[in-house]
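Here's a quick tour of a protein chain for anyone just starting out with structures. Keep the picture open while you read, and look up each spot as it comes along.

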Amino acid sequence: MRIHVEVKCPKDRFERALEVFQELNLHKTELSNGVLIYVAVEDHQLVILGDKGINEVVPKGFWESTRDEILSEFKQNEYKTGLVKGIHEAGEQLKQHFPYQSDDINKLDNDISKG
């Protein structure tokens, strides 16, 4: 899972989130379970993208309800709280459907990326 923060979104938010998803190689996970939380601060844009593997197992409307929960906190200027809630929700789904294995190796960076 990655968070990517930009000041402005230079194009359609979904198009940009998909571009970032690919730039960060989230589409290259073995189980197709990469997740991106994309935030464009000044444009007030937020997109959560999950790869095919995670999208097939999360409940219908999960990403939308998680986005709404984050945005609810953002509207109260609680940006950190909103992101933490979103990370927690997505993390619970990842943990449930893709539990940690003792031989797991984290092949992708987990840092927040900035554009």
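N25 counts as partly exposed, because its relative accessibility is 29% and the partly exposed class runs between 20% and 50%. You'll find N25 in the loop between α1 (13–23) and β2 (35–40). Keep in mind that this is a predicted model.

**Two asparagines with a positive phi**
- Most residues other than glycine have a negative phi.
- N25 goes the other way: its phi is near 60 degrees, which is a positive value in a residue other than glycine.
- N77 also has a positive phi, near 60 degrees, and is likewise a residue other than glycine.
- Where does N77 sit? Look in the loop between α3 and α4.
- N77 is exposed, because its relative accessible area is 55% and anything over 50% gets that label.

**How α3 and α4 pack**
- Helix α3 covers residues 62–74 and helix α4 covers residues 79–97.
- The two helices pack at an angle of about 160 degrees, and their axes are 7 Å apart.
- Are α3 and α4 roughly parallel or roughly antiparallel to each other? They're roughly antiparallel, because an angle over 145 degrees counts that way.
- The crossing of α3 and α4 is right-handed.
- On the α3 side, the residues that meet α4 are F62, W63, T66, E69, I70, E73 and F74.
- On the α4 side, the partners are Y79, T81, G82, L83, K85, G86, E89, A90 and Q93.
- Sort the residues of this contact by type and you get 7 nonpolar, 5 polar and 4 charged.

**A closer look at E73**
- E73 belongs to helix α3.
- Is E73 buried or exposed? It's buried: its relative accessible area is 11%, and the buried class is under 20%.
- Leaving aside residues up to four places away in sequence, E73 touches E78, T81, G82 and K85.

**Two more loop residues**
- P59 lies in the loop between α2 (52–55) and α3.
- With a relative accessible area of 45%, P59 is partly exposed.
- P59 and Q93 are 34 residues apart along the chain, yet their C-alpha atoms are separated by 9.2 Å.
- D109 has its place in the loop between α4 and β4 (113–114).
- D109 counts as partly exposed too, at 41% relative accessibility.
- How many residues along the chain separate D109 and L26? They are 83 residues apart, while their C-alpha atoms are separated by 9.7 Å.

**The whole chain**
- The chain's secondary structure adds up to 4 helices and 4 strands.
- Follow the sequence from start to end and the pattern reads β-α-β-β-α-α-α-β.
- The radius of gyration is 14 Å, close to the 13 Å that the globule rule gives for 115 residues, so the chain is as compact as a globular protein of that length.
- Along its principal axes, the C-alpha trace spans about 40 × 25 × 25 Å.
- Of the chain's 115 residues, 37% count as buried.
- Take the contacts between residues at least 6 apart in sequence: 58% of them join residues at least 24 apart.

Methods:
Residues are numbered from 1 along each chain as its sequence is written. This is a predicted model: local features need pLDDT of at least 70, side-chain atom pairs count only at pLDDT 80 or more; totals for chains, interfaces and linings use all residues. Side-chain values use heavy atoms; hydrogens and water are left out. Axes are lines fitted to C-alpha atoms, for helices over the stretch in contact, and angles run from 0 to 180 degrees between N-to-C directions. Angles under 35 degrees count as roughly parallel, over 145 as roughly antiparallel, 65 to 115 as roughly perpendicular and the rest as oblique. A crossing is left-handed if the near helix is turned anticlockwise from the far one by less than a right angle, and right-handed if clockwise. Contact means heavy atoms within 4.5 Å. Ala, Val, Leu, Ile, Met, Phe, Trp, Tyr, Cys and Pro count as nonpolar, Asp, Glu, Lys and Arg as charged, and the others, Gly among them, as polar. The radius of gyration is taken over C-alpha atoms; the globule rule is 2.2 Å times the number of residues to the power 0.38. Buried means under 20% relative accessible area, exposed over 50%, partly exposed in between (1.4 Å probe, protein chains only).
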